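User: Please take a close look at a single part of the structure shown here, and explain how it fits in with what lies around it. I am a first-year student, so please spell out each cut-off when a term first appears.

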Amino acid sequence: MALYLVTGGSGFIGSNLVYHLVALGERVRVVDNLSTGREANLRPLLADPERRHQVEFLRGDITDPDLVHRAMADVDFVLHQAALPSVPRSIEHPLESDRVNAYGTLLLLEAARRQGRVRRFVLAASSSAYGERAPEEPKVETMPPAPLSPYAVTKVTAEYYLAVYHRIYGLPTVALRYFNIFGPRQDPTSQYAAAIPNFISAFLRGEPATIYGDGLQSRDFCFVDNAVEANLLACTTPADQVAGQVLNIACGEAITLLGVIDTLAEIFGRRIPPRHAPPRPGDIRHSLADISKARQLLGYTPKIKFAEGLRRTVAWYREQAG
Ligand SMILES: NC(=O)c1ccc[n+]([C@@H]2O[C@H](COP(=O)([O-])OP(=O)(O)OC[C@H]3O[C@@H](n4cnc5c(N)ncnc54)[C@H](O)[C@@H]3O)[C@@H](O)[C@H]2O)c1
């Protein structure tokens, strides 16, 4: 059994990774300070007598060097998800974003280098690295980064640190540039909540969803199980094929926010017209990925398509609601 360190394992994507790894029989160590993650996300696992021996939970901050050093002991694979993941939050608190997302990543890389036996260090990077592009122009990894928010700068910085740790110290790193990931356990209550959990909660309350702007902006929405699979592939693909690389992880399909509302109306069987609010600073208009590189290097294919992912997500929120 390998030991996986999942930073941010109490958060949305991190907890999905933890559940999958445990189901595969792996051992997982979680580091999380519960700043945006929720204790409830891992509670069923930590309370399950059959599975809790596979999971170790370290509550703490990835900007604490002692904690990071302890967390790295005997680890085979690092899946680094911990971050303050919101563009609006980074605009309000740029220093805090930088400290967690960039400096925190550097501390983890340094601990992995010193530990000396980490087989893969995988980063939750972000499509925000690309900035704004024309809608018909899918984002390819060869495009130079053009960050438009403090958040995007921190995520690009983290990627650069990975590349340098690979090049200089030979650490086998992989940066997965997630596009808009959605699915069970994504937090709908935060003031910085993403569009899909926000919309689903509005539908569950029978209220209009709030759209910032006209709703014709588009995103490459990708169900979380696809991102989980990409992480597993990033660990199992031979290092000489993938180490030091940056890879887009998405579905390769653009969906407008009004399109999301339409699909939700079909799933819920009722139409509630959205409410429009002014566009938010730092938000981009269109985001679409070219995923050929991940297909080629990892053998990644997004198995769960958007509508099916949305159905599963709604089913999960419904179950939680009652
Ligand atoms: N959700 C997306 O669509 C998306 C897109 C691109 C990139 N990402 C990246 O994926 C990762 C996971 O995002 P998410 O959507 O699951 O967000 P999330 O907020 O649910 O998860 C982040 C987790 O990190 C933890 N954390 C934050 N600061 C920490 C610190 N200083 N020390 C320890 N733990 C800390 C939080 O408590 C939380 O559990 C992030 O790195 C984010 O930047 C997400």
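Analyst: The buried residues of helix α7 (195-205) are covered by elements that include β7 (180-182), β10 (221-223), α10 and α12, where helices (H or I, at least four residues) and strands (E, at least two) are DSSP runs numbered from the N terminus, and contact means C-beta atoms, placed from the backbone, within 7 Å. This is a predicted model, in which local features need pLDDT of at least 70 and side-chain atom pairs count only at pLDDT 80 or more, while totals for chains, interfaces and linings use all residues. Residues are numbered from 1 along each chain as its sequence is written.

The residues of α7 that are buried are A195, I196, P197, F199, I200 and F203; a residue is buried if 20 or more other C-beta atoms lie within 10 Å of its own, exposed if 12 or fewer, and partly exposed in between. Just after α7, G206 takes a positive phi of about 75 degrees.

Since α10 is among the elements covering α7, it deserves a look of its own. In α10, the buried residues are L257, V260, I261 and L264. They cover an arc of only 100 degrees around the axis, the arc being that of the directions from the helix axis to the C-beta atoms, and this puts them on the same side of α10. An α-helix has 3.6 residues a turn, so residues three or four places apart point the same way. That buried side packs against α7, together with β8 (210-212), β12 (255-256) and α12 (306-321).

The length of α10 can be checked too: its 12 residues, 257-268, should span 16 Å at 1.5 Å a residue, and the end C-alpha atoms are 16 Å apart, which agrees; the expected span is 1.5 Å times one less than the number of residues. Like α7, which is followed by G206, α10 is followed by a glycine with positive phi, G269, at about 70 degrees.

Finally, β7, which helps to cover α7, also gives two or more residues to the shell around the ligand, as do α1 (12-23), β2 (27-32), α5 (94-115) and β5 (120-126). In all, 29 residues surround the ligand, with G8, G11, G37, A83 and A124 the closest, a residue counting as near if its C-beta atom, placed from the backbone, lies within 6 Å.

Conventions:
Contact = placed C-beta atoms within 7 Å.
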